[in-house]
Amino acid sequence: MNSSFYIALIPLLPLAGFILLGLFGRSFFKNSSGIIGTLFLLASAALAVYVAYDYFSGSATIRPREIAFTYTWLQFSDTLSIDMGVLLDPISVMMLVVVTFVSLMVHIYSLGYMKGEERYPTYYAFLSLFTFSMLGLVMSSNLFQIYIFWELVGVSSFLLIGFYYNKPSAVAAAKKAFIVTRFADLGFLIGILILSWYSGTLDFNTLIARMTSPESDQLKSAITSSFLGLSGLTWALLLIFMGGAGKSAMFPLHIWLPDAMEGPTPVSALIHAATMVVAGVYLVARLFPVFAISDPAALEVVAWVGAVSAVIAAVIACTQTDIKRVLAYSTMSQIGFMMFALGVSKYGGETGLGYTASMFHLFTHAMFKALLFLGAGAVIHYVHSNEMKDMGGLRKYLPITHITFLVACLAIAGIPPFAGFFSKEEILLAAHENSPAIYWIALFTSGLTAFYMFRLYFSIFWNKPAHLHGEKHGEGGFAMMLPLILLGIGAAGAGFTPFGKYVSTDGSPLESHIDIGFSALPVALGVVGIVAAMWLYLKPTNRPEKLAASLSSLYKSAYHKFYIDELYLFITKKVLFNLVGRPAAWFDRNVVDGLMNLTGNSTEAVSGAIKKLQSGKVQQYAIYFLGGVIVLAVLFIYVWK
Amino acid sequence: MKGATIIFYLLATLTLVCGVLSVTTRQIFRAAIYLLFSLIGIAGLYFWMDYQFIAAVQIVVYVGGIVVLIIFSIFLTQQAGEKLPKQRIDRKIFSALAVFCAFALTMLQLYQHTFYETADEPVPATVANIGNRMLSVKEGGYALPFEVVSILLLAALIGCIVIAMRDKTMNIEQGTLNKEVEKGK
Amino acid sequence: MLNDFLILMKPELTVTVILFLLLFIKIGKGMKNETLLPLIQVLLLLNFLLGFFFNKQGVLFEGLYTSTSMIVFQKNILNLGVYLISLLCADWLRKTPHLPEFFMLMLSALLGMFFMISSGNLLMFYLSLELATIPVAAMANFDLEKKISSEAAMKMILSSAFSSGILLFGISLLYGATGTISFAELPAQLDGSPLQIMAFVFLFTAFAFKLSIVPFHLWTADVYEGSPIAVTSFLSVISKGSIAFIFISTLYKVFQPMEAIWYNMIVVLAIATMVIGNLFALRQQNIKRFLAFSSIAQVGFILVAISSNSPAGLSAVVYFVLIYVFSNLAAFGVASVISEKTGRENIDEYKGLYKTNPFLTWVLALALFSLAGVPPTAGFFGKLFLLTAGATKADYWFVTVAALNMIISLYYYLRITRAMFMDKNDQPIEKLRPDPSARLALLICTAGIILTGLLSWVYDYIVKLN
Amino acid sequence: MNLLLLIGIPLVAALAVLASRNAKQVRWISLTGATAQLIASFALLFAFKTERAAGNTAQMLFEQKHALFPAWNINFHLGVDGISIAMILLTSFVLVAGVLVSWNVEKMTKEFYFLLILLALGAYGFFISLDLFILFFFLEISVIPKYLLIGIWGSGKKEYSANKLALMLMGGSALILVGMLGLYFEGGRSFDLLQLSKMSFDTTTQHILFPLLFIGFGVFTALFPFHTWVPDGHSSAPTAGSMFLAGISMKLGGYGCLRVATYLLPEGAKEYANIIIVLSAIAILYGAFATMMQKDLKYINAYSSVSHVGFSLLGIGMLTQTAMTGAVMQMVSHGVMTALFFAVIGMIYDRTHTRMVADMGGLMKVMPFVATVFFIVGLCSLGLPGLSGFVAEMTVFVGSWEHADAFHRIATIAAAMSIVVTAVYILRAVGQTVMGPIKNEYIQLKDANWNEKLAAILLLAGILAIGIAPFWLNDLLKPGIEVIMQKLASVN
Amino acid sequence: MEPGLYQLLFISAALFFIGVYGFFTRRNLITMLMSVELVLNSVNLNFIAFNKYLWPGRMDGLFFTIFVIAIAAAEAAVAIAIIINLYRSHQSIDVENAEELKY
């Protein structure tokens, strides 16, 4: 077991980077902190690749879930404990690679992008912290461990979104992201509590073993117990999924994601595109056997939440004008894809295609979405604006960005042979086999995706001619170009990975095959979307406005993100603050404290009322005296013998 | 009815009536005189009970001492003929009520109680008997109380002197204070 | 016999000797206060110290006078109190034109208390009670120029005359119903008949009057406020302590057969006393008046322990009185220093005292905390033992009421603390230099307040006296 | 190890402070004393561990017993188990930090430090007492220093707050007193905790005495609805005062609830467990919601303390091993955390002279150290893993969840909901204070001094030590809790 | 009716409460003092009566009376001294006029 400890170094190296930069960055490594952080991560990434190589190349079949290392961190009771450990299975290894790779890219990119920033060391410290947390999350061997890192990821995200802390909007966005996900995490936590109570363990291996074997008492009791019409297990899984949905920005917990774009763009690429937001998908995948074998109903919910999120996000993305927001909604939409892919999947063999597809899409999406964000970052870096209206015709000034961005757009639109095509095809196939309704939704969304991505692409790089504000520094430096190119290669070629060989539900390799007949329709839709975008946005015309006017109400509500933000605002501000918080505070000050003060005040009042007894007249005193004598005598002679 | 009985009731009436008058009359001098007669009535009752010594003490100390003292102080503090201020009527009624209740209660208890009488041989209350006892330290002796009372009388004397003769003593003792007092005047 | 007499009555005899010494000094040439006062203080100290030697238990005058080690100890407490008063009020005493008379009166009252504690029959009790009262009434008038002083004296003498009238009536009824006035013979004659109960109630009120138990307490505040502080402290500490001692031994020994009756009576009156005392204390402005009401409330707590009818109750009360001597005298001592130097007695005028007089403030604060029963002061232990003793009867609600009353009392004690430490004042009391002897006494009191509790053998010693 | 040392060091330090001549001496004496005490506490911890490792399984270690008031069978009985040691460590941390952050107190320095040390002395004595009488003595000893600290060195409506605090705490102790007397007389005239624990009180007695004791101690630890002294008291107190109040003093109550009420009266505890749960769940949620509306930083922390301490009581009310462990963990954790929180608030207030959240902003720019610490402690408060709050709260939740019925479930979920509300108010406070644009008047402000930094680092170390490595605390507490659980299991 | 113990007790009780009444209602301090004297006398009468009719073999009641008379004298003396002093400072011996100490 100790021989596997080196795996734990993968997260610990970024942690060391965080501690080093966090404590001494400001004083000692003012300018070199970027390099230091990157080096730490480079080592970590190398280790991750080595682990992956070691893991996948070892045998012909997929190695089962194994726990490489574990340490009891906190013993709750005889059965329940939080163990800190490393769990290795195909998806965790895959995630290790994705996270370290994308994070490395972002680190390198930031060397250029964040140069000269006042809190440069802090930035790298936070990035390291995030990477540490994310790596810890993916390799968790214990349900509670995942929750711990889940929270840490949340807080790193908060720190990075709020990196420009003197910008009120950034602070607000960071708060929003944290609070919304925290709310979801509440569900997660309760879900963990329920699940651990039924299963009697927090350890993934034992947990999955117990909750999937029909003979186990734990499973029986979890299924037979019911609360409000749902079984205990369903509650547990749904609540855990709620946590996942929050982090993965699924409808209706997605509202934080677009705002999170207030953070530095590389951060958006890392956290809000490639890694953290897919944690929810990863969580469901981690517990997939339980979902699929023991509780298909919960999985159904996962599927529909994913599908609805996918389509809503796509519609909204069509109307946004801030390029990062468009990308944010697109992320949400793509995660929706992954989510419903899991939802439509079943356990075992060919029926588990959705699972594989989902993981595959997660993998490819990480590449092209990171690329898109970094590209957008380059554009923003250049024009100093996020708004589409400030852009146009940039292809001449940013050639490399332009090309890589185009590759990424094609990948996301599902045009072969780019990466997105393969993964999306598998998803659609899985959906087609299991749930026709979701399939049609997915198809529509897929077309829409192509449309809004190319709307973005044309608006940035074509459309009106560029009008520049004096400076013509062109592309960022080498540091910014290198990640774009590497990710571009990834976005173009990742689809050819024989993914099914490595990742499947039950460990048996899955052959992926492309059926031309099936692929024709989605690809065609993608092309239609591209053409429509070209028609509308290649040249500056008034067609978009006309179209918007003709669809006025839909457009308006989509533009306003279907008013979900307003709804939340209403609930929090009006209901929570005004109807709960304010009355609680009032009640405390006036009623509870009032009662305490009342005892004091009434004592004082009584004291004031009886002071006349002490009249200062000695005869009255004597009368009281005699009265006392009479009362006592009567009392004790007659009443109280 | 025997003569002794008649005398008893006469004495009782004298005592009570004079007592009542003493606390109700609005002329202070008369009040003192009524008090005097009431006390004499009590002395008479002592005589009636054959306790001559006590009766004598009563007359000497009360009639000869205390009442004289009181009358003297009346002269010191007030014109004898002046009428006393009226008490508030509610106070009067309330007092009367309270007092009557207490009285009724007391009498009720007294009458309901059967007193246990001893058949002891009475010890005559002669001066000799009383004197012996008074200075005896043996069983039934009252030497210690006697000493206590003597100290009390001494203390009372000192107290009276200090309080009642303040100007004089002040002049004797404290020169500084005296000047201030004179200035104050 | 003579030896016995000398040893057993030693406390009384020494006091008498001092008394007559003063009388001779007064009658003779007289002495300046400056020289007389230290002499008196030394004599009183000797008197106090003498109390620790040559003690013996025994009975004199065929039962009229008893002395036990507990009684000797009680007398020592009283001696200590008188000694402390002579130190604390040095400023006032030095100015009074009648210093020897004052001490003669005080010592005769003390003598009365000694006799009272030792008394073996109702007559002795009554006489010594009067001896302990009448001189004090005269003393109350010692601020001859002050109107309130004579008002206080008048109220005291009239009230106590009235009270002793009631007491005598009770004694006479008791005498009629039992045929004896001897403490030793009474218990056998008590059968709880209504007349006896009534007689007991009448008798009881005399204790209640002197102890300031509600509703017989009304004179207390007026008299305390009007009298010179030396007299007030004497009244509130020495007089109260002595009455508590005789009260408890009367109840436990003489009226033991009527326990069923007086237990209830004490419970009722204890609650009334605590509540009323506290409620009145809440809004007092004059420090003496304030302490008067606080001492009324304290009596309520003493009653709680008395109700236990157990040796534990007695030792708790004696212990408490000892602590009370220190605490209350410290409080009065500070009040006396301030009042004598500046004439201020209003609590509001104590604002900001800490700025100018930290020593006095700390002493007063400690004294008040001790009165409130806050650790580490001895008052905490004292009060706790009172309540513990009270709880032996398992009437927990009664103890609860007492404990809750401690909160109210804390409230008003804190009021003064607050004024001294926290409130701002533009014209605080200037920096005072208390008389050295007053300083000494305050230090003794402070030491007493802190150490009496922490040195647990003190309590042990009292328990063993029983 | 002689436990008298733990009382002796503060006592000597307090007397030395009284005897010292100037403010500088006072500070250094206090710091020396506090440090010595910290070292002694650690020595105690190691001595304890060694003893336990050597196989000493006695319930209490380092016991000593001296007759104090033999007439009442009162003994000066000392002894510690893991729970007490955790509390002692907490107190030592807070004491050193409190001394350090008060470095700049100019007004009556000597008295200030004297009272501070006296307060700590009370806490130490309380935690090592095994006799109810001296336990009560030490409990009460700490009331008046609090009163004076608030009243003299406080701010705002300090007199009112000081009064309220003293009175409510005294009210609590009055109830404790009665309960204690009940135990004494029903339990064969003994105040000895160990001896009383061997008694089995009859059901009626337990049902009467338990609420007295629990509410009594509950007042100290802000049991709803007796918590109202907390906001006023904390907000008016000087920095070190607030730290002690929330960090130590509120723990006295929790410890008492556990060690005295629950341990000695298991039947009572079972009878009233549901009420405790309801009250603490209310306190947790309602405290959190009330915090949301506060505008003053100290009020925010004070109300959040009400909410957080609710977890301790909830854990106790749940009566399961895990939940109780969590409860004690929460006491320790909250103690360190809230002390640090108040320390930071004090630092901010010293510089900006306001505690109104709305008046601040962007302090990160001028005082990064303070701001960072503020941030971390905020995160601890909202239960971030890796910091102490998380461990404690999770342990309570897991322990609470061991009850399978709907009532306990709902209470637990209600309590868990507070983690969201906590996030809301903490982020609001942090967001408005250290983040956002900075105001011009604050641009000149300086970062923390060496003493403030030292204090903050010390407490942060405590938070991290629990947060990152909770197992040692867990192991420390376990045997002590097990004893209580056995007692609970012995009755139906 | 043959006079005996009960008659005497009646007289003394009546006198007692007459005195008490006087004490309650008289505003002049000296008259209040006189009422007190009535009270004390009634007590004396009680003692003598009990001594005479119930316990003639012992002289407790008798001596009680003697001492009460002595004390009454002392008390009266001090009281009158105080009253005179009060008169000097207040120029009145009306009890209602001495009212500085109250509440």
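1. Helices are taken here as DSSP runs of H or I with at least four residues, and strands as runs of E with at least two. On that basis, chain B of this predicted model holds eight helices and zero strands. Read from the N terminus, the elements of chain B follow the order α-α-α-α-α-α-α-α.

2. Chain B has 185 residues, and 45% of them count as buried. Among the contacts in chain B with a separation of 6 or more, 49% join residues that lie 24 or more positions apart. The accessible surface of chain B amounts to about 9800 Å², and carbon and sulfur atoms contribute 68% of that area.

3. The search for disulfides covered the whole structure and returned zero over all chains. Two cysteines may be noted for their accessibility. B:Cys101 has a relative accessibility of 40% and is classed as partly exposed, because that class lies between the 20% limit for buried and the 50% limit for exposed. D:Cys380, by contrast, is buried, at a relative accessible area of 0%.

4. In chain C, helix H14 spans residues 287–306, a run of 20 residues. From the first C-alpha to the last, H14(C) reaches 28 Å, close to the 28 Å expected at 1.5 Å a residue. At the N-terminal end, C:Asn286 acts as a cap for H14(C), with a side-chain oxygen 2.8 Å from the backbone nitrogen of C:Lys288.

5. How many residues of H14(C) are buried? The count is 20 of the 20, so H14(C) is largely enclosed by the rest of the structure.

Key: Residues are numbered from 1 along each chain as its sequence is written. Chains are lettered from A and ligands numbered from 1 in the order in which they are written. This is a predicted model: local features need pLDDT of at least 70, side-chain atom pairs count only at pLDDT 80 or more; totals for chains, interfaces and linings use all residues. Side-chain values use heavy atoms; hydrogens and water are left out. Buried means under 20% relative accessible area, exposed over 50%, partly exposed in between (1.4 Å probe, protein chains only). Contact means heavy atoms within 4.5 Å. Accessible areas come from the Shrake-Rupley method with a 1.4 Å probe; for residues, only the protein chains shown count as cover. A disulfide is a pair of cysteine sulfur atoms within 2.5 Å. The expected span of a helix is 1.5 Å times one less than its number of residues. A polar contact is a pair of N or O atoms within 3.5 Å; within protein, one must be able to donate a hydrogen and the other to accept it, and residues adjacent in sequence count only if both atoms are side-chain atoms.
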